[in-house]
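Thanks for coming. I will take one protein chain and go from its surface to its inside. Please have the sequence and the structure open while I talk.

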Amino acid sequence: MFEHLGVSAEQARVYERLVRTGSCTAEEAGAPPEVLEELVRLGVVQRLADDVWQAVPPDLAVEMLIAAREDGHRRARAGAASLMEVYLRNRAEQHHDTSMVELVNGAGQVRDVWQALLAGARTEVCVLDQPPYITPVEEHTAMEVDTRRRHVQWRVIYDRSSVELPGRLAEIAELVAFGERARVTPTLPFKLAVVDARVAVLPVAVRGVVDQVLLIRPSPLLDVLVSMFDLYWDNAIPFSPRGSGGEVDTQLVALLAAGLTDESIARQLRLGPRTVQRRVRQLMDRSGAQTRFQAGVQAVRRGWL
């Protein structure tokens with residue numbers, strides 16, 4: 001039962017004997033005291049007296065062993081992130097002149113590099129966001145919130161294809177509530193992340209899967225990518241999670257200017273298609289726009305967002 005939870009065959013045999021016999025001495029359990037002490041350390045056996053031992057109920061024992069391994073996994077990831085930060089810093093120092101671009105292969109290593117970069121972030125993370133993703137949304141949200149606690153600023157531009165994903169609007173609103181500055185745009189050329197303007201991460205997607213990234217260190221290429229992000233930022237539409245509580249439905253305006261259809265907007269805002277159509281028409285009439293896109297642009301120009 002315990003073979004996948006870090007328990008040896010002998011330890012498992014002793015535990016099962018204790019389950020069957022109830023509380024007993026080490027001699028009665030047929031186990032050396034050191035084995036029983038190790039089982040106590042693992043949390044699956046209790047010491048009732050000087051030489052009286054008793055098994056923890058199996059359901060609790062399994063949960064204890066699982067929790068211990070999960071804690072070990074978390075510590076290992078934290079240690080790996082710290083080491084990756086040192087590794088990347090040393091690589092940058094050793095290969096500054098000859099390795100301004102480095103290819104990182106494999107989904108696991110890509111995640112490790114990204115976690116290490118965020119662990120070392122000090123001032124700002126800038127992102128061009130579009131599918132596909134390599135990190136689960138919940139994991140990314142936790143990492144971003146952690147950097148915000150260190151007062152790292154985030155500027156994120158979301159591609160229309162990202163905003164259209166089910167539930168994505170609520171996730172973006174949550175991140176904005178934590179301090180992220182978000183904007184949306186109809187289309188982005190590629191995925192990109194720039195950390196502290198010192199390194200860029202350029203994912204390489206093949207058949208809808210990201211398992212390679214290019215790391216771009218201080219160089220003319222990095223300068224171009226930073227400038228390109230700023231250009232897209234200036235032209236993207238600010239996103240606000242305030243919703244429709246005021247005179248202008250800010251979420252509707254942002255999604256409209258990002259190029260989403262009425263159907264997509266209705267799904268994201270959980271409204272009926274006719275309700276969306278009516279609000280879009282009201283916005284067009286108020287702004288004097290002839291098209292849906294113009295209505296979004298006019299709303300931005302007039303400071304309605």
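How many Å² does the protein chain expose, and what percentage do carbon and sulfur atoms supply? The exposed area is about 16,100 Å², and 53% of that comes from carbon and sulfur. Please keep in mind that this is a predicted model.

Now the general build. The protein chain has 305 residues, and 43% of them are buried. Its secondary structure amounts to 13 helices and 10 strands. If we take contacts between residues at least 6 apart in sequence, 68% of them join residues at least 24 apart.

Next, the sheet. Strands of a sheet pair through backbone hydrogen bonds, and the pairing can be parallel or antiparallel. Here eight strands make an open sheet with mixed pairing. Reading across, the order is β3-β9-β8-β7-β4-β5-β6-β10. Why do β3 and β10 each have one side without a neighbour in the sheet? These two, residues 101-105 and 237-238, stand at the edges and have a single partner strand each, so one side of each is left free of a neighbour there.

Let us look at β7 in that sheet. On one side, β7 pairs with β4 in the antiparallel sense, over four bridges. Two of the partners can be named: Val125 is matched with Val195 of β7, and Cys126 with Val194 of β7. β7 also runs antiparallel to β8, and three bridges join those two. There, Val195 has Val199 in β8 as its bridge partner. The hairpin of β7 and β8 has three residues between the strands, and Asp196 in this hairpin takes a positive phi near 55°.

Where do the side chains go? In a regular strand they alternate between the two faces of the sheet. In β7, Leu192 and Val194 point one way, while Ala193 and Val195 point the other way. Are these four buried or exposed? All are buried.

Compare that with β2, residues 52-55. Trp53 and Ala55 form a covered face of β2, and Val52 and Gln54 form an uncovered one. The partner here is β1, residues 45-49, which pairs with β2 in the antiparallel sense over four bridges. Trp53 in β2 has Arg47 standing opposite. A hairpin of two residues joins β1 to β2.

Last, the empty space inside. Rolling a probe the size of a water molecule over the atoms shows where such space is left. The structure holds one cavity of 30 Å³ or more, and the largest cavity has a volume of about 440 Å³. Its lining is made of 29 residues, and nearest its centre lie Trp114, Tyr133, Ile134, His140 and Lys191. Several elements give two or more residues to this lining, among them α5, β4, α8 and β7. Which element gives the most? That is α6, with four residues. Sorted by class, the lining has 19 nonpolar, six charged and four polar residues.

To sum up, we have an open sheet of eight strands, a β7 whose Leu192, Ala193, Val194 and Val195 are all buried, and a largest cavity lined by 29 residues, to which β7 is one of the contributing elements. That is all from me.

Conventions:
Residues are numbered from 1 along each chain as its sequence is written. This is a predicted model: local features need pLDDT of at least 70, side-chain atom pairs count only at pLDDT 80 or more; totals for chains, interfaces and linings use all residues. Side-chain values use heavy atoms; hydrogens and water are left out. Buried means under 20% relative accessible area, exposed over 50%, partly exposed in between (1.4 Å probe, protein chains only). Contact means heavy atoms within 4.5 Å. Accessible areas come from the Shrake-Rupley method with a 1.4 Å probe; for residues, only the protein chains shown count as cover. On a 1 Å grid over the protein atoms alone, a cavity is a set of points where a 1.4 Å probe fits but cannot get out, and a pocket is an open set with protein on both sides within 12 Å along at least five of seven lines; lining residues have an atom within 4 Å of a point. Grid points are joined across faces, edges and corners, and a volume is the space filled by probe spheres set on the points. Ala, Val, Leu, Ile, Met, Phe, Trp, Tyr, Cys and Pro count as nonpolar, Asp, Glu, Lys and Arg as charged, and the others, Gly among them, as polar. Two strands pair if DSSP finds at least two bridges between them.
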